[in-house]
Amino acid sequence: MSQILVVDDDASHRTLICDALEEMGYATVEAANGREALDFLEEDMPSAVLLDLRMPVMSGWGLLDALKKMPRARGLPIIIISGYGFEWEAELVGAAGYISKPVDLDKVRMTVQQIVGPPEMPLMH
């Protein structure tokens, strides 16, 4: 099943995004900051990461820098979700997509599906 890591310090944003993606059939994992996300990424590799930029402990920028040093994260699609950036900045750092805040859930759904592909459906026996 396609797994999406949602990294945002705002719990209500994480819940809103995760609920929308789970309704589509994606599995989601949440992290409240870049450090939690990095801990998860050292153990498991999702299909994509939805990443806020401004967070305590480790920002989205810090996580992007750490991922550049992680060979197994090469090719991992990062979709930046921020109210403080611009689409061209996302392109500069190699992000696969950019969604501005306040979040438009239709744009989240469409962007994830375009980048990750449709959710993998579990096999029925």
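**Exercise 1. What pattern does the chain follow, read along the sequence?**

Solution. The model under study is predicted. Step one is to count the elements: the secondary structure of the chain comes to 5 helices and 5 strands. Step two is to place them in order, which gives β-α-β-α-β-α-β-α-β-α. Step three turns to the contacts between residues at least 6 apart in sequence, of which 64% join residues at least 24 apart. Finally, 47% of the 125 residues count as buried, and the chain exposes about 6,700 Å², with carbon and sulfur atoms supplying 53% of that area.

**Exercise 2. Determine whether strand 4 (residues 78-82) is buried or exposed, and identify its pairing with strand 3.**

Solution. Begin with the directions of the side chains. Ile78, Ile80 and Ser82 point one way from strand 4, while Ile79 and Ile81 point the other way. Residues of both sets are buried. Since 5 of the 5 residues of strand 4 are buried, the strand is largely enclosed by the rest of the structure. Next, consider the pairing: strand 3 (residues 48-51) runs parallel to strand 4, and 3 bridges join the two. Within this pairing, Leu51 has Ile80 of strand 4 as its bridge partner.

**Exercise 3. Describe the setting of Arg14 and decide whether Arg14 is buried or exposed.**

Solution. First, locate the residue: Arg14 belongs to helix 1 (residues 11-24). Second, apply the cut-off, by which buried means under 20% relative accessible area. Arg14 has a relative accessible area of 12%, and therefore counts as buried. Third, list the surroundings. With neighbours within four places in sequence left aside, Arg14 is in contact with Val6, Asp8, Asp9, Glu30, Ala31 and Ala32.

**Exercise 4. Characterise the largest pocket by its volume, its lining and the classes of its lining residues.**

Solution. The volume comes first: the largest pocket holds about 190 Å³ of space. The lining is then read off as Leu64, Leu67, Lys68, Ala73, Arg74, Gly75, Leu76, Ile78, Val93, Gly94 and Ala95. Sorted by class, these residues are 7 nonpolar, 2 polar and 2 charged. Helix 3 (residues 60-68) gives the most to this lining, with 3 residues. Ile78, a lining residue of the pocket, is also one of the buried residues of strand 4.

**Exercise 5. Establish the geometry of the peptide bond from Lys101 to Pro102 and where Pro102 is found.**

Solution. As a reference, most peptide bonds are trans. The bond from Lys101 to Pro102, however, is cis, with omega near 0°. Pro102 itself is found in the loop between strand 5 (97-100) and helix 5 (105-116).

Methods: Residues are numbered from 1 along each chain as its sequence is written. This is a predicted model: local features need pLDDT of at least 70, side-chain atom pairs count only at pLDDT 80 or more; totals for chains, interfaces and linings use all residues. Side-chain values use heavy atoms; hydrogens and water are left out. On a 1 Å grid over the protein atoms alone, a cavity is a set of points where a 1.4 Å probe fits but cannot get out, and a pocket is an open set with protein on both sides within 12 Å along at least five of seven lines; lining residues have an atom within 4 Å of a point. Grid points are joined across faces, edges and corners, and a volume is the space filled by probe spheres set on the points. Helices (H or I, at least four residues) and strands (E, at least two) are DSSP runs, numbered from the N terminus. Ala, Val, Leu, Ile, Met, Phe, Trp, Tyr, Cys and Pro count as nonpolar, Asp, Glu, Lys and Arg as charged, and the others, Gly among them, as polar. Buried means under 20% relative accessible area, exposed over 50%, partly exposed in between (1.4 Å probe, protein chains only). Contact means heavy atoms within 4.5 Å. Accessible areas come from the Shrake-Rupley method with a 1.4 Å probe; for residues, only the protein chains shown count as cover. Two strands pair if DSSP finds at least two bridges between them.
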